[in-house]
Amino acid sequence: MKDVAIVGGGPSGCFMGEKLAKKGFKTTIVEEHSEVGQPMCCAGILGAQRLLKETGLDPKNWSVNELKGGIFNPPSGNSVKLTRNQTEAYAIDRARFDRSLAERAVRAGAELRLNTRCTEVSPRENKVSLKTETQNGKEQLESRLVIGADGTNSLVARNCDLMKEFSPTICAQAEIVKETEDFDARVYVGNELSQDFFAWKVPAGDVYRVGLGDKEGNVKEKLHKFMKNTSDFSQNTQNKMVRLTTDLIPTPNTRKIYGNRVLLIGDAAGQVKPLTGGGLYLGLSCAKIASQVAAEALEKEPSEKNLQKYEASVNEKFGREFELGARARKILKKMTDEDLSEFIELLEKPKIRNLILENADFDRHSNLFKTLIKKGPSLIKSVGARKLTKYLSWLMDS
Ligand SMILES: Cc1cc2nc3c(=O)[nH]c(=O)nc-3n(C[C@H](O)[C@H](O)[C@H](O)COP(=O)(O)OP(=O)(O)OC[C@H]3O[C@@H](n4cnc5c(N)ncnc54)[C@H](O)[C@@H]3O)c2cc1C
């Protein structure tokens with residue numbers, strides 16, 4: 001019997017596999033695809049600071065583009081650029097990143113079974129049974145603990161009764177050939193565009209990654225419409241498209257993340273930034289926490305009681321992040337196109353711009369939210385009494 005079976009060979013699963021194998025646990029990762037890192041649907045943005053500090057993984061190693069600033073595009077068309085003229089983040093080669101993490105896991109001693117799809121997970125009193133399907137037919141795997149690292153629509157979460165709600169954001173992303181040097185990521189908001197999320201254009205080496213997310217509707221159609229109607233794209237942009245993919249982003253706090261002999265990590269656990277859906281830093285950070293809790297529990301029994309510390313530790317580190325991010329997302333959803341334009345145009349005001357540039361943290365949005373809440377009243381001159389009252393009332397309601 002294995003000590004640990006990890007379902008999903010994405011970044012979270014492979015990183016967790018590496019950590020547990022290094023600690024001497026017999027670890028197997030099952031991945032349904034024939035290759036790690038494919039198919040891929042991700043803007044691939046990693047913050048320059050925190051991931052390296054917290055996990056030792058340096059995004060620079062996989063960088064295809066430095067990102068120095070953000071350009072925010074409201075419905076009015078009056079875009080606002082925010083930059084500190086330093087490298088804030090990197091657009092990485094996601095497929096190469098995922099493969100590197102898989103190689104590290106295998107080098108540490110984990111077994112990686114490709115072309116192996118898990119079809120059923122049953123945690124029992126003294127073991128977990130997994131049914132899998134491979135090219136050679138059906139197989140069975142037994143382990144003391146199972147890790148659900150199988151993405152947003154997690155089978156492990158469903159089979160272990162940990163999925164409380166399923167309300168993902170559906171995304172479509174295209175790669176279009178890029179012909180000029182560019183260091184700015186662009187974000188586009190507006191209710192015509194997307195009721196629940198936003199669109200983006202990220203320079204990434206030889207291409208732009210252009211995408212759009214929403215909770216409902218045909219996102220591929222919405223993406224085509226967005227490119228057709230936006231002046232940042234030329235008439236024949238659609239002919240420069242070299243790839244079009246779709247995928248899901250989970251909603252945080254929609255799953256319980258531990259149970260008897262089971263832990264969820266990464267997208268399977270809903271560990272993404274509520275405002276942007278970015279999940280690489282959070283998933284890897286939480287996988288590190290999970291590997292510590294799992295290692296301690298495996299020394300005894302990985303019972304629900306011995307695994308509950310995982311949720312407490314994740315909440316201690318990221319609970320406020322999830323809560324404030326979810327409130328900010330709720331407020332954005334309330335905004336009309338006029339509100340969104342008015343709000344983004346405020347970012348041009350020197351006092352507000354400086355406050356943002358001093359407090360914004362790519363991976364920890366709560367730092368800025370807390371400052372804005374604290375300093376709100378002192379911004380009355382820059383924001384104006386009417387708008388400030390409106391924003392404060394939204395904050396109370398959220
Ligand atoms: C359009 C888009 C853009 C994004 N942009 C960014 C970004 O710029 N920055 C950022 O930080 N995050 C971004 N994200 C989020 C990021 O992609 C995810 O947070 C990240 O991939 C989560 O990693 P993971 O290992 O938890 O899950 P995944 O990467 O989803 O990996 C899950 C793995 O499990 C496998 N699997 C699933 N079910 C089974 C099964 N039953 N049996 C075997 N294997 C299975 C899958 O094949 C997959 O390999 C984006 C997401 C989308 C959709």
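## Salt bridges, a covered helix and unusual backbone spots

R386 pairs with E342 in a salt bridge, with the closest N and O atoms 3.4 Å apart. The pair links distant parts of the chain: R386 belongs to helix α13 and E342 to helix α9, 44 residues apart. The two ends differ in exposure. R386 is exposed, at a relative accessible area of 55%. E342 counts as buried, at 16% relative accessibility. The model is predicted, and every value here is computed from it.

### Helix α9 and its cover

Helix α9 spans residues 337-346. Which of its residues are buried? They are D339, L340, S341, E342, I344 and L346. An α-helix has 3.6 residues a turn, so residues three or four places apart point the same way. What covers the buried residues of α9? The cover includes two strands, β5 (69-73) and β6 (80-83). It also includes the helices α8 (309-334), α10 (350-359), α12 and α13 (385-397). Helix α13 thus appears in this cover, and R386 of α13 is the salt-bridge partner of E342 in α9.

### More salt bridges

How many salt bridges does the structure hold? There are 36. Side chains of opposite charge can pair when their charged atoms come close. Three pairs are set out below.

| Pair | N to O distance | Relative accessible area of Lys or Arg | Relative accessible area of Glu |
|---|---|---|---|
| R386 and E342 | 3.4 Å | R386: 55% | E342: 16% |
| K225 and E192 | 3.8 Å | K225: 47% | E192: 66% |
| K256 and E304 | 2.5 Å | K256: 26% | E304: 32% |

Take the salt bridge of K225 with E192. K225 lies in helix α5 (residues 219-229), and E192 lies in the loop between β13 (184-188) and β14 (199-204), so the pair ties together parts that are 33 residues apart in sequence. K225 is partly exposed, while E192 is exposed.

K256 and E304 meet through their side chains, at 2.5 Å from N to O. This pair also links distant parts of the chain: K256 sits in the loop between β16 and β17 (258-259), and E304 sits in helix α7 (residues 304-307), 48 residues away. K256 counts as partly exposed. E304 counts as partly exposed too.

Back to R386 and E342, the exposed and buried partners. Beyond the pairs in the table, salt bridges that share partners join D3, R144, R261 and E301 into one network.

### A positive patch

Which residues form a positive surface patch? They are K351, K374, K375 and K381. K381 is placed in helix α12 (residues 380-383). Is K381 buried or exposed? K381 is exposed, because its relative accessible area of 82% is over the 50% cut-off. Helix α12, which holds K381, is also among the elements covering the buried residues of α9.

### Strand β16 and the loop after it

V242 lies in strand β16, residues 241-249. V242 is exposed, with 53% relative accessible area. Which residues does V242 contact, leaving aside neighbours within four places in sequence? The contacts are E175, V177 and V207. V177 is 65 residues away from V242 along the chain, yet their C-alpha atoms are separated by 7.2 Å.

P252 lies in the loop between β16 and β17. K256 of the K256–E304 pair is in that loop as well. P252 is buried, at a relative accessible area of 15%. Outside its neighbours within four places in sequence, P252 is in contact with G270, V272, P274 and F322. T180 is 72 residues from P252 in sequence, and the two C-alpha atoms are 36 Å apart in space.

### Backbone spots to check

Where does a cis peptide bond occur? The bond from Q38 to P39 is cis, with omega near -10°. P39 lies in the loop between β2 (27-30) and β3 (45-47).

N85 is not a glycine, yet its phi is positive, about 55°. N85 lies in the loop between β6 and β7 (89-92). At 66% relative accessibility, N85 counts as exposed.

N115 also has a positive phi without being a glycine, with a value near 55°. N115 lies in the loop between β8 (111-113) and β9 (117-123). N115 is partly exposed, at a relative accessible area of 27%.

Methods. Residues numbered from 1 in each chain as written. Predicted model: local features only at pLDDT ≥ 70, side-chain atom pairs only at ≥ 80, totals over all residues. Heavy atoms only, no water. Patch = residues over 30% accessible without salt bridge, like charges linked within 9 Å, V, L, I, M, F, W, Y side chains within 5 Å. Areas by Shrake-Rupley, 256 points an atom, 1.4 Å probe, with all protein chains shown as cover. Salt bridge = Lys/Arg side-chain N within 4 Å of Asp/Glu carboxyl O. Lys, Arg positive; Asp, Glu negative; His and termini not counted. Charge placed at Lys NZ, Arg CZ, Asp CG, Glu CD. Helix = DSSP H or I, 4+ residues; strand = E, 2+ residues; numbered from the N terminus. Buried < 20%, exposed > 50% of the residue type's maximum accessible area, 1.4 Å probe, protein only. Contact = heavy atoms within 4.5 Å.
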